[in-house]
Every structure is written in C-alpha cells, then in structure tokens.
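The following exercises concern a ligand shell, a set of annotated positions and a pocket. Each task is followed by a solution in steps.

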Amino acid sequence: MSRTPSRQDFDTYMIPTYAPQDAIIVRGKGSRVWDQDDNEYVDFAGGIAVNALGHAHPELLEALKTQADKVWHVSNVFTNEPALKLARALVDLTFADKVFLCQSGTEANEAAFKLARRYAHDRFGEDKYGIVSFRQSFHGRSFFTVSVGGQEKYSNGFGPKPAGIEHGVFNDLESARALINDKTCAVVVEPVQGEGGVRPATQAFLEGLRQLCDEHDALLIFDEVQCGMGRTGDLYAYMQYDVVPDILTSAKAIGGGFPLAAMLTTSDVAEAFQPGVHGSTYGGNPLAAAVGYAAVSCIATPEVLEGVAERSRLFREHLERLNQQYDIFSDVRGAGLLLGAELKGALKGRARDVMKAAMDQQLMMLVAGTDVLRFAPSLIIEPKDIEDGMMRLEKAIKTLL
Ligand SMILES: *Cc1c(COP(=O)(O)O)cnc(C)c1O
C-alpha cells in the first residue's frame with residue numbers, strides 16, 4: 001500500500017471519467033510545477049482557470065494554515081467567521097446583496113436555476129419555469145446543469161431530461177428573442193463562453209438579453225464560473241460590459257485551488273430561498289471560506305487586476321508571432337487571461353495532440369473542444385514564464401508540422 005502511486009494506478013483504480021496526461025504533478029510554486037521525476041513544467045492551464053494566484057501563494061497558504069489550527073467544519077446548523085467575512089466582501093465588491101456559498105460551479109448553477117424557478121413560482125405562478133440557455137454553453141455536470149448546458153454530447157444518454165429548457169444561438173439576439181416569453185423564468189449565459197471555445201459575448205447581445213429579461217419578468221443569470229474573479233481584468237466580466245445580472249455564479253478561481261463557489265443575487269430574489277428550501281452540508285466551510293476570502297482580497301486589488309491586460313497582450317503577441325511563422329490559427333480570441341487560439345490547416349482538429357506535445361515539452365495548457373487551444377494561466381504569471389512557455393509551445397507545434 002505504501003509504494004509510490006503511478007499513472008498506471010489511474011487506469012487500474014479510477015473510474016475512467018478522464019484521460020489524464022502521463023506525468024503526475026507533485027508540487028508547484030507560482031506558475032511552475034514539478035512531476036514525480038522532478039521535471040519542471042510551465043503552467044498555462046492554471047488548473048482550468050482555478051489557480052488564479054498560481055501555486056503556493058503565500059497569502060493563501062497562510063490563510064489555510066491559520067484556519068486549519070482553529071476549526072475545519074461546523075455545518076450550517078452554525079455559522080462561522082470566514083464564511084461571513086467572505087460573503088460580506090463579495091457583497092461589498094459587486095451588485096449583490098446576498099450570497100450562497102457552496103463547493104463547485106455545478107452547485108452554484110444548480111442553486112441559481114432552482115432559485116430562479118422558485119422565485120418565478122412564488123411571484124408569478126406554476127407556469128413560469130422556462131430556462132433559456134445557449135448552444136455550446138457549459139454550466140456543470142449535475143443532471144439539471146448539464147441539461148441547461150448547450151452541449152448534447154454531455155447531456156444525452158441519461159434518460160428523460162428536466163423539462164422547460166431551450167437553447168438559442170450564442171451572440172444571436174434574434175434567436176434569443178424567439179425563445180424568451182412570459183413563461184421564461186431565467187436566461188443564463190456565460191459572458192465569455194469557456195469550454196465552448198473561448199468566445200466573448202458581444203456588448204449588444206448581453207444588453208439585449210438584459211432588456212428581454214426585463215420585458216418578460218425573467219431573471220438574467222451570468223455564469224461567471226470561468227470568466228469571473230479577475231480573469232478578464234475586472235473582478236467580474238459583467239463590470240466590463242456594464243450589464244448587471246440578477247444572479248451571478250462564481251467558482252473556479254474564487255477558491256484559488258480550494259473547492260469553493262458562490263451564488264450572488266439581490267435581496268429581492270434571495271427571498272425565494274427561505275430556511276429549508278435549499279442547502280449544502282459543506283457550504284461555507286471555514287477552511288474553504290478562509291482561503292476564498294484571502295483569494296478574493298488578493299485578486300480584487302489594482303495590482304492584480306491591472307496586470308491582467310499587460311499579460312494578455314504578451315500572450316496575444318506570442319500567439320500572433322507563432323501564427324505569422326507557421327500559419328496555424330484561424331483566430332486568436334478571448335478576454336484578459338482567458339484566451340483561445342483556433343487551429344486550422346495541418347493542425348485542425350488536433351488540439352489534444354498539441355496539448356500532449358506541449359506536455360512533452362514541459363508545458364501545461366488546455367483545449368476547448370477539438371480545434372481550440374485554451375490558455376487560463378495565473379493572473380500573476382511572470383513575464384519570464386510566459387516567454388518560456390511560449391518557446392515550449394513553439395517546439396511542441398514544430399514536432400507536429
Ligand atoms: C467549470 C465550469 C462550470 C462547472 O464548474 P465545476 O466546479 O466543475 O462544477 C460551470 N460553468 C462554467 C462556465 C464553467 O467553466
């Protein structure tokens with residue numbers, strides 16, 4: 001039992017919901033990580049937009065260790081100081097008046113969709129339960145959230161789906177208008193679609209959705225699980241668009257690597273959730289909330305947020321240079337430090353091959369579908385790490401051409 005675990009153990013013991021890379025990472029610092037053989041990697045993946053302050057950030061470590069000595073868990077039969085501090089900080093920093101804490105993006109969205117349905121049910125009656133979402137969107141893996149998500153390959157094959165969910169075309173306001181009516185309780189959208197290919201919403205699309213929601217007494221839900229928490233250079237993407245949702249979900253970066261998520265909303269909407277209507281054993285767990293409070297306090301500073309634009313520019317410059325040299329991208333897009341490069345020509349459909357070749361060159365990165373290379377690094381990644389990582393990406397690409 002005490003031998004060192006190997007990648008082979010994954011295939012032997014784990015249910016194969018994933019196909020992880022061969023290397024097993026054992027430690028990290030900033031935007032560098034090391035595997036079992038002490039090989040050093042540059043991290044452009046950020047744990048899928050989670051490690052927004054890199055690995056082993058001193059303030060997050062301090063918060064975790066300090067809280068670990070105090071109390072780990074008390075359940076929601078009791079409240080606790082870290083949860084209260086975090087909730088207050090999120091209210092101070094955003095449109096929201098009230099916060100619900102949980103562990104994952106899935107749970108934050110599940111809570112958001114249940115809240116929207118309950119709110120409409122209580123205010124407008126039983127028939128108002130329609131949810132309008134968009135193709136290619138991703139909102140989580142519980143059966144409700146995956147059904148609201150716009151990728152049938154994830155939601156088919158599990159029997160009958162929850163009723164009342166329809167999908168429009170992202171960035172096509174007319175397609176949304178055709179679906180939104182007085183039976184609609186909520187419209188949910190990612191201001192920047194992440195998994196669906198790193199696609200920012202247009203200003204007109206989000207403004208139009210806000211207006212349609214107002215006209216039909218529907219709640220506008222922004223899923224900022226991936227694009228929120230500083231990723232775009234503002235604390236939340238809605239601030240960049242100046243379009244305010246009724247409910248916002250936040251996860252991934254909010255815990256800096258500790259499982260944590262939040263649903264934010266207004267006092268009026270929050271009233272639909274009274275004691276007993278929704279809940280979570282771990283929600284607002286003191287360890288998670290203490291790390292989350294430290295993460296939010298670090299990210300919501302001018303130093304971190306203003307640094308995103310410069311790093312984004314560096315990433316884009318490198319990607320454009322690679323494109324000039326090798327003519328491999330049909331598009332480089334995204335916002336801040338959530339960037340996508342769509343492959344064309346010889347590399348079309350080979351995003352996973354590029355990711356694998358990058359691992360061979362000791363670079364961690366991501367894909368979004370079969371055609372898009374995705375980058376979601378630490379918001380405080382050092383320019384030197386960007387340089388190094390891009391040299392490795394170039395080497396990886398050369399091996400495939
Ligand atoms: C990752 C993600 C989710 C799901 O979050 P989990 O923590 O994996 O449950 C939901 N919405 C968006 C936009 C995401 O990127």
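**Exercise 1. Identify the element that gives the most to the shell around the ligand.**

Solution. Helix H5 (residues 105-124) contributes the most, with 3 residues; helices (H or I, at least four residues) and strands (E, at least two) are DSSP runs, numbered from the N terminus. The model is a predicted one, in which local features need pLDDT of at least 70, side-chain atom pairs count only at pLDDT 80 or more, and totals for chains, interfaces and linings use all residues. Residues are numbered from 1 along each chain as its sequence is written, and side-chain values use heavy atoms, with hydrogens and water left out.

**Exercise 2. Describe the residues around the ligand and its polar contacts.**

Step 1. The shell (a heavy atom within 4 Å of the molecule) consists of Ser104, Gly105, Thr106, Asn109, Phe138, His139, Gly140, Glu190, Asp223, Val225, Gln226 and Lys252.

Step 2. By class, the shell has 2 nonpolar, 7 polar and 3 charged residues. Here Ala, Val, Leu, Ile, Met, Phe, Trp, Tyr, Cys and Pro count as nonpolar, Asp, Glu, Lys and Arg as charged, and the others, Gly among them, as polar.

Step 3. Pairs of N or O atoms within 3.5 Å count as polar contacts. A ligand oxygen lies 2.6 Å from a side-chain N or O atom of threonine 106, and a ligand oxygen is likewise 2.6 Å from a side-chain N or O atom of lysine 252. At phenylalanine 138, a polar backbone atom is 3.1 Å from a ligand nitrogen.

Step 4. Of the 380 Å² of accessible area (Shrake-Rupley method, 1.4 Å probe) that the ligand has on its own, the protein covers 83%.

**Exercise 3. Locate the positions annotated "binding site" in UniProt.**

Step 1. The unreviewed UniProt entry gives this annotation to Gly105, Thr106, Phe138, Asp223, Glu224, Val225, Gln226 and Thr281; such annotations may be inferred rather than shown by experiment.

Step 2. These positions span 177 residues of sequence and are also spread in space, up to 25.0 Å between C-alpha atoms.

Step 3. Glutamine 226 belongs to the loop between strand S10 (219-223) and helix H10 (237-241).

**Exercise 4. State which strand gives the most to the lining of the second largest pocket, and the make-up of that lining.**

Step 1. S4 gives the most, with 4 residues.

Step 2. The lining divides into 11 nonpolar, 11 polar and 2 charged residues. On a 1 Å grid over the protein atoms alone, a pocket is an open set of points where a 1.4 Å probe fits, with protein on both sides within 12 Å along at least five of seven lines, and lining residues have an atom within 4 Å of a point.

Terms used:
A polar contact is a pair of N or O atoms within 3.5 Å; within protein, one must be able to donate a hydrogen and the other to accept it, and residues adjacent in sequence count only if both atoms are side-chain atoms.
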